[in-house]
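I open this notebook to record, entry by entry, what I looked up in the structure. I begin with strand pairing, then turn to charged side chains, and end with the pocket.

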Amino acid sequence: MEQKPLLEPKLKSVNIPVSEYSFQNLYLFRGNHDYHVFDFEGFTFIQGTTYDSKTHIMPACDLRDVPVETLKKLQERCDFFFPVFEEWAEFFRQHGVELTYQDGDTDYIYTSVKMSTYAGRKLHKKRNLLKQFTERYSATAFMITKDNIKDAFYILDEWQNQADLPKEQTDYKACHEALTLYKELGICGGIYYADKQPAGFILGEELTDNTYVMHFAKGITKYKGIYQFLYNDFASILPKRYEFINFEQDLGSTALRVAKTSYVPDVLVKKYRMRFIP
């Protein structure tokens with residue numbers, strides 16, 4: 001946490017819609033990815049481990065700003081540089097690199113307009129579930145504050161119970177910490193009630209000038225249509241400057257991939273893994 005004043009402005013200044021370029025994301029999943037920060041030849045880097053157990057390095061700046069010779073020296077410390085944004089990948093092709101990517105690394109991005117309307121034939125099932133929810137329940141929404149945070153923890157615990165997986169195999173711990181430290185981390189979100197009962201919440205933050213990243217969305221599924229309602233309502237109340245919502249990656253999980261694909265993403269942000277060819 002003491003590195004937040006150093007890292008957060010550096011990461012935000014990069015201004016790309018890649019979910020790893022968020023201090024909050026790095027902090028909350030530091031245990032999962034064994035992140036640590038180091039300086040090398042005047043630049044700040046983060047080293048970590050991918051979900052498939054590969055060592056990677058990312059700079060806390062635009063990768064193109066780092067001299068190629070510096071990167072080649074660092075390559076000795078890692079399997080590859082990651083995440084490499086599409087425009088960066090194009091820049092480095094001239095320098096003799098190997099570029100690969102994993103589908104599980106890809107960020108899913110949707111327009112706020114799409115999520116706030118569910119317009120079109122492909123999203124008619126989402127509209128139907130939203131309609132079922134709003135007809136069945138009286139819904140209310142509030143900003144998450146110290147006065148209702150206990151209800152958010154209740155939702156998280158109920159979500160974990162219905163997940164039918166141990167906490168070590170879900171993002172329960174990271175989400176719990178996000179709720180505990182929401183003020184310190186600068187995370188904002190909304191909590192939703194169905195017939196005055198806690199039903200779901202969303203936590204996220206600004207990622208770029210026009211993109212909001214959704215770190216966590218948790219709902220109690222006995223309220224049919226809760227997720228369709230959460231996404232729809234939250235997109236409706238987001239400030240208009242956020243044209244896009246980043247739902248982050250699926251980490252190779254088939255269930256997450258099916259769920260995120262079902263909302264028909266507008267942009268799939270590939271994040272390349274890059275190595276210089278000897």
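Entry 1, a strand and its partners. The model I am reading is a predicted one. I started from β4 and strand β13 (residues 272-276), which pair in the antiparallel sense over two bridges. Looking for the residues that face each other, I found that F81 has M274 as its bridge partner in β13. I then turned to strand β3 (residues 55-59), which pairs with β4 in the parallel sense, again over two bridges. Here I57 is the residue that stands opposite F81 in β4, and I noted that the route from β3 to β4 passes through helix α4 (residues 68-74), a β-α-β crossover that is right-handed. I also checked how far strand β4 (residues 80-84) is covered, and five of its five residues turn out to be buried.

Entry 2, salt bridges. The count for the model comes to 16 salt bridges. I looked up the one between K271 and E20, whose side chains meet at 2.9 Å, N to O. K271 lies in the loop between β12 (267-269) and β13, while E20 lies in the loop between α1 (4-14) and α2 (23-28), so this pair ties together parts that are 251 residues apart in sequence. I wanted to know whether these two charged residues are buried or exposed. K271 has a relative accessibility of 1% and therefore counts as buried, and E20 is buried as well, because its relative accessible area is 5%, under the 20% cut-off.

Entry 3, two further pairs. I next looked up D62 and R64, which form a salt bridge with the closest N and O atoms 2.8 Å apart. D62 counts as buried because its relative accessibility is 17%, whereas R64, with a relative accessible area of 31%, is partly exposed. For R257 and D250 I found a salt bridge in which the closest N and O atoms are 3.0 Å apart. R257 is partly exposed, with a relative accessible area of 31%, and D250 is buried, at 0%. Going back over the charged pairs, I noted that salt bridges with shared partners join E20, D107 and K271 into one network.

Entry 4, an aspartate in a loop. I looked up D147, which lies in the loop between β7 (139-143) and α8 (149-163). Its relative accessibility is 56%, so D147 counts as exposed, the cut-off for that class being over 50%. The side chain of D147 is joined to the side chain of K146 by a polar contact of 3.5 Å.

Entry 5, the largest pocket. Which residues lie closest to the centre of the largest pocket? I first noted its volume, about 1,500 Å³. The lining is made up of 46 residues, and those closest to the centre are W159, D171, K218, L256 and K260. I then went through the elements that give two or more residues to this lining, and they are α3 (30-33), α7 (124-136), α8, β10 (211-219), α11 (226-237) and α12 (254-261). The largest share of the lining, five residues, comes from β10.

Methods
Residues are numbered from 1 along each chain as its sequence is written. This is a predicted model: local features need pLDDT of at least 70, side-chain atom pairs count only at pLDDT 80 or more; totals for chains, interfaces and linings use all residues. Side-chain values use heavy atoms; hydrogens and water are left out. Buried means under 20% relative accessible area, exposed over 50%, partly exposed in between (1.4 Å probe, protein chains only). A polar contact is a pair of N or O atoms within 3.5 Å; within protein, one must be able to donate a hydrogen and the other to accept it, and residues adjacent in sequence count only if both atoms are side-chain atoms. Two strands pair if DSSP finds at least two bridges between them. A crossover is right-handed if, with the strands pointing away from the viewer, the path from the first strand over the helix to the second runs clockwise. A salt bridge is a side-chain nitrogen of Lys or Arg within 4 Å of a carboxyl oxygen of Asp or Glu. On a 1 Å grid over the protein atoms alone, a cavity is a set of points where a 1.4 Å probe fits but cannot get out, and a pocket is an open set with protein on both sides within 12 Å along at least five of seven lines; lining residues have an atom within 4 Å of a point. Grid points are joined across faces, edges and corners, and a volume is the space filled by probe spheres set on the points.
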